[in-house]
Amino acid sequence: MSLRTTLRNWAGLLPFLAFALAFELAPIGVLMRSAFTVEGSLGLGNFSRALTPVMQQAFVNSLGLALASALLGTALGLIVARAITTSRSATTQNMLTALADVTANFGGAPLAFAFVITLGSTGIITLLLKQVGIDLYPAFRIYSLSGLVIAYTYFQLPLAILLMIPALLGLRREWSEAATSLGATGRDYWLRVALPILRPSLLGCFFLLFANAFGAYATAWTLTGSAVNLVTVQIAALARGEVQFDPALADALATLSLAVMLVAVGLCQMMMRRRA
Amino acid sequence: MSRNLWRPTVLSLFLAFMIVPVLATALFSISVRWDRSLWPEGLTLEWWQKVTAKTAFRRALWNSLWVSGLTVVISAALVAPTAWLVHSRLKRARWLVEILAILPFGLPGVVLALGLIRLYAGNTVMGMSTLLIAACVTITLPFMYRAIANALEALDIPTLTEAAQSLGATRGQIFLRVILPNIRAGLVNGCLLVFAATFAEFALANLLIGTRMKTFPIYLVEFTRFDARQASALACLSFAIAWIISLAILWVAGRRRKGGAGAG
């Protein structure tokens with residue numbers, strides 16, 4: 001390849017690289033620089049200041065919520081995806097996959113509000129359960145952390161299904177037949193054959209959902225305002241300058257949550273790649 | 001017996017979980033009142049009429065539509081040529097582009113917004129709406145890139161390129177007339193995902209623009225705070241929009257694939 005062609009090829013990449021630099025790398029860089037700067041020099045002071053009991057609680061809540069909804073989403077996603085892929089009717093398969101496709105895009109504010117209507121203090125399921133003698137409130141509240149787990153599962157589940165379907169389609173029927181002919185029960189087959197094969201996909205799916213939930217903001221904000229203490233809610237409040245204005249503190253929090261995301265996305269990429 | 005029952009049980013529970021909240025919202029939006037009794041106390045279209053008659057409503061809808069539309073166009077124009085380049089002539093740079101295109105998965109909207117505010121707030125050259133579109137393009141990069149890259153990986157690019165070159169096609173012609181028609185389904189899929197994600201984007205719009213230019217989700221959240229019935233009509237509308245766009249574009253993509261003559 002001549003130098004001219006090489007230069008021309010790289011020039012073709014310039015718009016994308018310039019865009020990524022301006023709107024992806026530079027904003028992250030600015031946050032990190034400010035987070036690691038204390039009075040003009042490099043230091044970790046902002047992080048120790050950032051981890052007040054309230055902020056520590058925010059990380060505990062965010063991590064717990066992300067963990068719970070990712071676990072729930074992956075487990076239920078596997079079961080539903082299995083039910084879809086083994087369904088005999090092609091119409092059922094297509095309809096349900098399309099449903100997952102569409103509902104994976106139902107997120108944020110409208111979804112949160114739909115859950116208020118459904119499971120809020122005067123929601124229809126709440127009223128329905130009251131009729132049969134089950135009082136959800138005040139033991140359960142949709143405007144709480146456990147309520148958020150349910151709402152998050154709504155957008156996690158379809159995503160998990162879409163991720164698990166290709167993996168499940170890769171399970172050959174002969175493998176289960178071979179296992180059965182060797183005397184394996186259905187449980188043996190799942191524990192010793194299917195799940196080990198699906199493991200990379202399941203882990204990849206789990207970390208993707210984890211990252212998805214950890215960074216989510218709109219659903220939590222619409223449902224609970226700032227009543228539930230989450231990392232994203234705290235960062236947003238600091239960014240709007242609602243609470244005490246301390247840029248370095250917000251930047252330290254943002255940097256910490258980027259570290260959490262980096263670990264999750266890194267593990268996700270690693271697991272997904274191992275499937276190949 | 002139990003072996004045959006698990007599938008319908010799982011599938012009906014799944015259907016119920018996914019559909020009940022949406023149906024409940026739809027029914028709530030046409031109910032006179034539905035917070036005291038098991039069934040709505042009468043049906044009405046009053047809330048729909050009230051909420052859609054407002055100019056602020058139309059403005060918010062329009063804002064969201066043009067922001068999403070521009071985001072899709074810019075994203076496609078930015079990603080498609082780049083993805084083609086790193087899948088054909090510049091494979092060496094593929095890792096770099098992949099990292100940059102996947103990274104936003106791990107970038108929470110609120111964090112990106114905070115960084116952009118630090119960098120560009122008060123910038124007079126770039127208005128906040130421009131910044132919002134740029135941020136939406138960034139946050140949806142993984143959708144667009146993955147969709148296009150998957151389509152490109154299914155193509156035999158060297159053969160197609162050689163054939164086109166032997167017929168005297170230039171680089172631009174190869175991209176526009178050979179590669180693009182062949183990755184159309186992937187491109188449409190990427191555009192669909194980006195449009196839906198941008199239309200529903202709340203964190204970026206809320207932090208970058210706030211109440212100065214209300215997008216549809218921001219308008220909706222405002223309503224949830226003071227009028228549940230009108231808010232439910234808005235929520236239904238945004239479900240319907242996401243749904244119609246998804247189905248329409250899926251339908252177009254399916255038809256193209258079935259028709260086969262994509263290159264025509």
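Here's a quick briefing on how chains A and B meet, one helix pair in chain A, and the annotated spans of chain B. Keep in mind that this is a predicted model. The two chains bury about 6,900 Å² between them, and the contact draws on 76 residues from chain A and 75 residues from chain B.

**Where the chains meet**
- Of the area buried between chain A and chain B, 79% sits on carbon and sulfur atoms.
- On the chain A side, Phe16(A), Phe23(A) and Phe113(A) chip in 11% of the area that chain A buries against chain B, more than any other three residues.

**A helix pair in chain A**
- Helix H3 (residues 53-85) and helix H7 (residues 145-169) of chain A have axes that come within 6 Å and cross at roughly 40°.
- That angle is over the 35-degree limit for roughly parallel and under the 65 degrees where roughly perpendicular begins, so H3(A) and H7(A) are oblique to each other.
- As for handedness, H3(A) and H7(A) make a right-handed crossing.
- Sorted by class, the residues in the contact of H3(A) with H7(A) come out as 20 nonpolar, eight polar and one charged.

**Annotated spans in chain B**
- An unreviewed UniProt entry puts the label "transmembrane region" on residues 65-87, 99-120, 126-145, 187-211 and 231-253 of chain B.
- Take residues 65-87 of chain B: the span is 100% helix and 0% strand, with its end C-alpha atoms 32 Å apart.
- Residues 187-211 of chain B are 80% helix and 0% strand, and here the end C-alpha atoms lie 33 Å apart.

Terms used: Residues numbered from 1 in each chain as written. Chains lettered and ligands numbered in written order. Predicted model: local features only at pLDDT ≥ 70, side-chain atom pairs only at ≥ 80, totals over all residues. Heavy atoms only, no water. Axes fitted to C-alpha atoms, helices over the stretch in contact; angles between N-to-C directions. Helix = DSSP H or I, 4+ residues; strand = E, 2+ residues; numbered from the N terminus. Parallel < 35°, antiparallel > 145°, perpendicular 65-115°, else oblique. Left-handed = near helix turned anticlockwise from the far one by under 90°. Nonpolar A, V, L, I, M, F, W, Y, C, P; charged D, E, K, R; others polar. UniProt positions renumbered as here; feature names shortened; annotations may be inferred. Contact = heavy atoms within 4.5 Å. Buried area = accessible area lost by both parts, 1.4 Å probe.
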